[in-house]
Amino acid sequence: GSYVGEDYLRFDFSHQKAVSPAEAQANLGFVLLTQGNKPEALAAYRRALELEPTLPVARAAIEKLEKE
């Protein structure tokens with residue numbers, strides 16, 4: 001069998017912190033930005049704020065990107 005797949009199935013994910021949909025969008029924005037895709041990153045950060053208007057990381061990223 002595939003040891004990687006079996007190891008994955010045995011891995012204990014109980015300590016992993018689930019992220020909110022807004023945080024997931026902010027994470028996506030960060031990844032897109034690191035790939036040089038500023039327009040899509042900005043869109044992802046804006047979706048994050050639509051989902052969670054007080055999300056500081058998304059607000060800060062949008063402010064920074066709009067100044068560039």
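**Notes on a four-helix model**

1. A good place to start is the beginning of α3, where asparagine 37 caps the N-terminal end of the helix: one of its side-chain oxygens sits 3.2 Å from the backbone nitrogen of glutamate 40. Please keep in mind that this is a predicted model.

2. Stepping back to the overall fold, the protein has four helices and zero strands, and along the sequence the pattern reads α-α-α-α. Of its 68 residues, 25% count as buried. The exposed surface comes to about 5,200 Å², with carbon and sulfur atoms supplying 60% of it. Among contacts with a separation of 6 or more, 29% are between residues 24 or more positions apart.

3. Now to the geometry of α3, residues 38–51. Its 14 residues should span 20 Å at 1.5 Å a residue, and the end C-alpha atoms are indeed 20 Å apart, so the expected and computed lengths agree.

4. Which residues of α3 are buried? They are Ala41, Leu42, Ala44, Tyr45, Ala48 and Leu49. These cover an arc of only 160 degrees around the axis, which means they lie on the same side of α3. The spacing fits a general rule: an α-helix has 3.6 residues a turn, so residues three or four places apart point the same way. On the other side of α3, Pro39, Glu50 and Leu51 are exposed. The buried residues pack against α2 (21–34) and α4 (56–67).

5. You can read α4 in a similar manner. Its twelve residues should span 16 Å at 1.5 Å a residue, and the end C-alpha atoms are 17 Å apart, which agrees. Here Ala58, Ala61, Ile62 and Leu65 are buried; because their arc is only 100 degrees around the axis, they fall on the same side of α4. Pro56, Lys64 and Lys67 are exposed on the other side. The buried residues of α4 pack against α2 and α3.

6. What do these buried faces build? The largest nonpolar core has 14 residues, and those touching the most other members are Ala26, Tyr45, Ala48, Leu49, Leu55, Ala58 and Ile62. The elements giving two or more residues to this core are α2, α3 and α4, and α3 gives the most, with six residues.

7. One last residue to click on is leucine 55, one of the core members just named. Leaving aside residues up to four places away in sequence, leucine 55 touches Ala22, Glu23, Ala26, Ala48 and Leu49.

Notes
Residues numbered from 1 in each chain as written. Predicted model: local features only at pLDDT ≥ 70, side-chain atom pairs only at ≥ 80, totals over all residues. Heavy atoms only, no water. Expected span 1.5 Å × (residues − 1). Buried < 20%, exposed > 50% of the residue type's maximum accessible area, 1.4 Å probe, protein only. Arc of directions from axis to C-beta. Contact = heavy atoms within 4.5 Å. Polar contact = N/O pair within 3.5 Å; in protein donor to acceptor, adjacent residues only side chain to side chain. Areas by Shrake-Rupley, 256 points an atom, 1.4 Å probe, with all protein chains shown as cover. Core = buried A, V, L, I, M, F, W, Y, C linked by side-chain atoms within 4.5 Å.
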